[in-house]
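Thanks for coming, everyone. I'll put the structure up and walk through it from the overall fold down to single side chains.

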Amino acid sequence: AATDPPGPTAPMEAVSSRTTTRCGGSETPEHRTPDARPARATAATSSASSEAERRRRDRAARQAPLVVDLVSACLASGARVDAALEAAGRAVGSPSAEVLSTAAASLRLGAEPADVWRVVAEVDGLGGLARAVARSHDTGAPLSQLLPRVADQVRASHRARVESRIRTAGVRLTAPLGAAFLPAFLLLGVVPVIASWVGVLL
């Protein structure tokens with residue numbers, strides 16, 4: 001008796017097993033290349049966020065001496081501490097304004113002064129202001145007399161930080177300049193000398 005030739009079931013099953021698998025009636029690929037775009041987007045977002053935070057901290061540090069001067073002037077004119085903080089915040093603007101206005105509102109609402117000034121001290125350059133307030137509270141010294149000295153210290157600290165960054169930038173610029181001038185030095189200074197020696201020896 002003649003036997004029927006094998007049907008196309010096996011080849012079709014092989015092709016199907018290589019390409020897709022069935023799961024609940026829907027076809028899903030067995031192997032899919034991971035998409036690297038979300039990781040790159042996350043890294044770019046993190047870098048931009050850290051750069052924005054660095055700029056915010058730098059701006060707050062530049063504002064700190066002026067904040068201390070303004071608070072000192074307001075206190076010398078008879079203003080309360082909360083009013084002095086709020087006036088200084090309005091004058092200097094963001095990012096110090098948010099912290100100062102929040103501190104002023106907290107003091108008016110009767111918050112614990114130590115907690116309020118602990119938050120203020122977290123801003124770059126305003127730690128001296130918070131320490132001066134604590135010293136005034138402990139010793140009874142007029143705060144308006146302590147703050148001018150604090151402003152001078154904050155200003156000197158900021159100047160030293162800026163000078164340190166300038167020196168660091170100068171050192172970093174030396175390497176690219178050296179890499180740019182080195183090939184010209186080799187071509188114009190070293191290669192002719194070596195060529196003359198080779199000519200004499202030959």
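The protein has seven helices and two strands. Keep in mind that this is a predicted model. Reading from the N terminus, the order is α-β-β-α-α-α-α-α-α.

Some totals for the protein. There are 202 residues, and 22% of them are buried. The exposed surface comes to about 14,200 Å², with carbon and sulfur atoms supplying 61% of it. Now contacts. Take those with a sequence separation of 6 or more: 49% of them join residues 24 or more positions apart.

On to charges. How many salt bridges does a search of the whole structure find? Six. I'll take three of the pairs in turn.

Start with arginine 80 and aspartate 82. Their side chains meet in a salt bridge, N to O, at 3.1 Å. Are the two partners buried or exposed? One of each. Arginine 80 has 55% relative accessibility, so it counts as exposed, the cut-off being over 50%. Aspartate 82 has a relative accessible area of 7%, and it is buried because that falls under 20%. This pair also belongs to a network. Salt bridges link Arg80, Asp82, Glu86 and Arg108.

Next pair: aspartate 115 with arginine 118. The closest N and O atoms of this salt bridge are 2.7 Å apart. Both residues sit in helix α5, which covers residues 113-121. They are three residues apart, about one turn of the helix. What about exposure? Aspartate 115 is partly exposed at 41% relative accessibility. Arginine 118 is partly exposed too, at 49%.

Third pair: arginine 155 and aspartate 152. Here the side chains meet in a salt bridge at 3.5 Å, N to O. Both are in helix α7, residues 143-201. Again the spacing is three residues, about one turn of the helix. Arginine 155 counts as partly exposed, with 29% relative accessibility.

Let's stay on α7 for a moment. Which residues make the nonpolar surface patch of about 300 Å²? They are Leu182, Phe185 and Leu186. Leucine 182 is found in helix α7. Its relative accessibility is 47%, so leucine 182 counts as partly exposed.

Now step back to helix α6, residues 127-139. First a geometry check. The helix has 13 residues. At 1.5 Å a residue, these should span 18 Å. The end C-alpha atoms are 18 Å apart, so the model agrees with the expected span.

Which α6 residues are buried? Gly127, Gly128, Leu129, Ala130, Ala132, Val133 and Ser136. Look at that last one, the serine. Serine 136 has 15% relative accessibility, which means it counts as buried, given the cut-off of under 20%.

What does serine 136 touch, leaving out residues up to four places away in sequence? The list is Ala141, Pro142, Leu143 and Leu146. There is a polar contact as well. A polar atom of the serine 136 side chain lies 2.6 Å from the backbone oxygen of alanine 141. Between these two residues, check the backbone. Glycine 140, just after α6, takes a positive phi of about 80°.

Another backbone point, earlier in the chain. The peptide bond from serine 94 to proline 95 is cis. Its omega is near 5°. Where is proline 95? In the loop between α3, residues 81-92, and α4, residues 96-108.

While we are at those two helices, consider arginine 90. This residue is in helix α3. Arginine 90 counts as exposed, at 63% relative accessibility. Pair it with serine 101. The two are 11 residues apart in sequence. In space, the C-alpha atoms of arginine 90 and serine 101 are 8.2 Å apart.

To recap three stops. A salt-bridge network links Arg80, Asp82, Glu86 and Arg108. Serine 136, buried in α6, has a side-chain polar atom 2.6 Å from the backbone oxygen of alanine 141. And the cis peptide bond runs from serine 94 to proline 95. That's the tour. Over to you for questions.

Key. Residues numbered from 1 in each chain as written. Predicted model: local features only at pLDDT ≥ 70, side-chain atom pairs only at ≥ 80, totals over all residues. Heavy atoms only, no water. Salt bridge = Lys/Arg side-chain N within 4 Å of Asp/Glu carboxyl O. Buried < 20%, exposed > 50% of the residue type's maximum accessible area, 1.4 Å probe, protein only. Helix = DSSP H or I, 4+ residues; strand = E, 2+ residues; numbered from the N terminus. Expected span 1.5 Å × (residues − 1). Patch = residues over 30% accessible without salt bridge, like charges linked within 9 Å, V, L, I, M, F, W, Y side chains within 5 Å. Areas by Shrake-Rupley, 256 points an atom, 1.4 Å probe, with all protein chains shown as cover. Contact = heavy atoms within 4.5 Å. Polar contact = N/O pair within 3.5 Å; in protein donor to acceptor, adjacent residues only side chain to side chain.
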